[in-house]
Amino acid sequence: MTSKSFCSKEESRLLGMLTKEKMRRSLWAISLCTLAFFFMLTVPTIMGVQQGMERRQVDPQAMESIYSMLSTIVGRHNVFVTLATVAMAVLLAAVSFHYMHKKKQVDFYHSLPIRRPWLFLTSFLAGLFGFLFAYLLNLALSLGIIFCSGFGQALSGVQVLGTMVLHLVFFLAVYALSIAAHQLAGTTATGLLCTGFLLALFPAALGLTIVYGQLLFDHWYLPDEIVSRLGQWLSPLWSYFTMSFSYNDSIRAGMVVYWLVWALVLGGVGMFLYTRRPSESAGKAVAFSRPAAVLKYMAVILCTLAGGVLFRVIGVGLGWQIFGFFCGGIISHCVLEVVYNLDFKKIFCHIKGLGICGVCFAALYTACHMDLFGYDKFLPTADQVKAVSLMSNENEDYVLSVDETQLDTLYRQTYRQPENIKAALELCASSIEPASEESGWDGARIWVCYQMNSGRKVYRSYFAPSREAFLEQWAVLYDSREYKENYYPIFQLKDSELQSVGCWQGEGDYTGFVRQQEQAAALAETLREETLNLTVEQLKHQAPVAMLEWGNDPNYGKEGNYSHMVTQMPVYPSMEKTLALMEEYGIYQPGALLELDEIQGVWLWSWDKEGAHTLELEEGVAMADVQVSDGGDIYITDKERIARMLEKAVLSELADRNPYFEADAVRARFVLDENMGYSVDCVFPAGEFPLSTAK
Amino acid sequence: MITATDVTKRFGNILAMDAVTAVIREGSVFGLIGSNGAGKSTFLRMTAGILRPDSGSLMADGMEIYENPQVKGRIFYISDEQYFYSNATPRELRDFYASIYPGFDKGRFQTLMKGFDLQMERKINTFSKGMKKQVSVICGICSGADYLLCDETFDGLDPVARQAVKSLLAGEVAERNMTPVIASHNLRELEDICDHVGLLHRGGILFSRDLEDMKLGIHKLQCVFQEPVERGDFAPLEVMSFDKRGSLFTITARSSREELEEKVRSMGPVFYEVLPLSLEEIFISETEVQGYDIKKLLF
């Protein structure tokens, strides 16, 4: 195509003229758009500024929160602007290309001396300019109001530009998709239906994949982050809403560029479909019969699956699920045939096609149900994998950052050493048979990622039915250097990031802070050394006596400043060097966790799995020192017995930090002030509760 | 010149045009006749570049029409149900077409609107069907297009307006060699304006002839004989129709006027007179020869 034939001067002139004309004809839609953004953007800005001015007079210190509020209104976190953008994209696409579905208008436009790609562009640009006018006008108004009222510091140029680009790109993405949908359809109504279907397609397919993965496979696992990532790459709405609603992530430029390219490509597809679209399809339900058939069967399959889920949940059981398949499949097929033909009498058209689709679906479903593809049976050998990432629910995730995702935690526990790979695979192999119902909740949950030699990653989850067996195998991994150096952040942090450390021994305030970087680093070094020597066997019998929290700011912990914590670690009684150093720095107070004198009494309880009490007191306990509640719990006030319990008791708060700690069945609540309800919960190491002989 | 060569068009299972071949010469008024569903509108829509032929070629002055703005700029299409922008006035319509067709004559538009007694500022959607057609024709004529495609345009026009439009079209043909193509199912409507006529039937062209040639080649004569005569007595002339009512005979024959008169004179009539043939009668004769009943074709 030569530059001469691509666009003549005359066509360019006509392009501009027709675009203006189209915008004039869509004035009502552009006005609606403007009004929508006025109420979603400008009016909230005015309200925010008014509130800000009132608060500023009363509390001059509140400026930060006022700025934050105004920044939210004009920024990407304004949910209403996001929703309005999506709605307007769909509306403007329908309005701009509405004429394609009317024979009179098709004859009018297609008889004009302008090529179809340019006709397409006039409609495309009319909708785009309409949106730009509506949004930018209101944005300018809002920014003007903010600056004129003295709150200009609330905004930065980068933030405003980023927000504009975000809304524009996702408008384009949804707009282009909706236009492509209208090309496939022959009426505005079917165009809107097609738009809705295409927007919901990937999220629905992803959601149903997850549901059926869990239904069909015992070892199904797809990390949430991968689902989220897939959703963000496949669905413009998912990506847009994530970027708008998430306060943690900044706008990802790469994702925005991706969706811009996607929008341009889809715009190109729309233009191609427009040029190929037969003019005589105006008024029919569908313009292209083959793509329509493909879309129809995709919709039928999704509805079949959705029907299955619905009846499985309501009716419970495979029988109802199959009933749901039939309902979802047949009804959706019939409805679509009526829509495609605009004739109710065609409701049972193409029944043969439905039958074939149904047979294929049944075959595929049965194959998955019987695990003919080997999903559940999959277990690689050691020479097939280059690494195995494995995590369990028996973990110390409190040492990790709150921003860390489940996938990050999984990859943090990646084993490359051959002996660890072997141990991980053995652990998976022992869990590959599904747990029987009798095993109860004693087991442990495992999530695995096999990193194959080919680069492929395979995810599975298992349930180890016996906790004891699980721990025996898990201990090989935990006790390894590789696990600790990868898992605990303290091993990855540089000394420069460890500026201060606080010590907390449970119940109440910190017992002390170290604010010299050298001391903080020294503590970290000692703790690392002693952590490397820690084994699961040791951890079964001891609970932490303190927690150390490192901050990357020397003022960490001062005046309520806890935002600079980088990690925290438990300190066990066996970590003698660390405890000695902590005592030397004056941040650790050894000794009894509570004063005997401040304890009014102790509540004790112990239940078995069936809920029956198993607590028996030692012989010779005076009844005067004992109360028994209606629920069977025992309250002791005898100081001597309380003292004996204090010697062995461990704070529940600290014991919970050790997932391997084996606690006694007896639980204790030390009451310090019955009137105020102030008490401290404790546990005891297994077999070390001093007062009872359990049945 | 517009040439259609083996043009075929399907709408699903319906064959709307079946290998149609036709030539529309410039500077002549081409009448496209056919019953409902014959394919007239389809042919015009393809000629206007709205529909793409499934096969064959449709060209104007040697260039493909479809997706060719250069050619389409010389064609103006008046649909049987013309679309107007909602709330548009004739003035806005004039301005719109003036920007599309560089040769649009705004002054002439104004004059013609006055001539037809149509108001420039009144909204077109308040016009009657006939008035809307008048506006469309005026737009078409003032556009300066070389080809004016009219689909059932005379339908809905009152007799006065119809005559006015016919005069206008004739004037355009004479002045600047415009080529109107008029589709209709009403033969009488086209009789006094068309130079060339094509008959469409079920998507195919039955015939396409110059009207004058048709008229020259066929003549109708009424005569009275004292002695009865038979159809065969007129041999070797090709008698297309032979009607006897008492002693009055009406003969339509494919021959020159002179040949027919000479033959009749040789048979010694009491009286004879050559009668004018209507387009309808010519058609009846032509189609009967081909084995069709004209009434089934057109009514």
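**Close-up views of a two-chain model**

**View 1. A nonpolar patch on the surface of chain A.** Leu35(A) is placed in helix H3 of chain A. The model shown here, as in every view below, is predicted. Leu35(A) is one of the residues that make a nonpolar surface patch of about 550 Å². The other residues of this patch are Phe38(A), Phe39(A), Phe133(A), Leu137(A) and Leu141(A). Two elements of chain A, helix H3 (27–58) and H7, give two or more residues each to the nonpolar patch.

**View 2. The interface of chain A and chain B.** On one side, 26 residues of chain A are in contact, and on the other, 29 residues of chain B. Between them the two chains bury about 2,500 Å², and 56% of this area is on carbon and sulfur atoms. Across the interface there are eleven residue pairs in polar contact, with both residues at pLDDT 80 or more. Which helices of chain A each supply at least two residues of the side that touches chain B? They are helix H2 (9–25), helix H6 (103–110), helix H7 (116–148) and helix H12 (253–276). H2(A) gives the most to this side of chain A, with eight residues. Sorted by type, the residues of chain A that touch chain B are nine nonpolar, five polar and twelve charged.

**View 3. A salt bridge between the chains.** The count of salt bridges between chain A and chain B is two. One salt bridge across the chains joins the side chains of Asp107(A) and Arg45(B), with an N to O distance of 2.9 Å.

**View 4. A salt bridge within chain A.** Over all chains, the count comes to 31 salt bridges. In this view the side chains of Glu394(A) and Arg467(A) meet in a salt bridge, at 3.1 Å from N to O. Glu394(A) lies in the loop between strand E1 (385–392) and helix H16 (406–412) of chain A, while Arg467(A) lies in helix H18 (residues 467–478), so the pair ties together parts that are 73 residues apart in sequence.

**View 5. A cis peptide bond in chain B.** The peptide bond that joins Ala235(B) and Pro236(B) is cis, and its omega is about 10°. Pro236(B) is placed in the loop between strand E11 (218–224) and strand E12 (238–245) of chain B.

**View 6. A positive phi in chain B.** Asp61(B) is not a glycine, yet its phi is positive, at about 55°. Where in chain B does Asp61(B) lie? Asp61(B) is in the loop between strand E4 (55–60) and strand E5 (63–64).

Notes
Residues numbered from 1 in each chain as written. Chains lettered and ligands numbered in written order. Predicted model: local features only at pLDDT ≥ 70, side-chain atom pairs only at ≥ 80, totals over all residues. Heavy atoms only, no water. Contact = heavy atoms within 4.5 Å. Buried area = accessible area lost by both parts, 1.4 Å probe. Salt bridge = Lys/Arg side-chain N within 4 Å of Asp/Glu carboxyl O. Polar contact = N/O pair within 3.5 Å; in protein donor to acceptor, adjacent residues only side chain to side chain. Helix = DSSP H or I, 4+ residues; strand = E, 2+ residues; numbered from the N terminus. Nonpolar A, V, L, I, M, F, W, Y, C, P; charged D, E, K, R; others polar. Patch = residues over 30% accessible without salt bridge, like charges linked within 9 Å, V, L, I, M, F, W, Y side chains within 5 Å. Areas by Shrake-Rupley, 256 points an atom, 1.4 Å probe, with all protein chains shown as cover.
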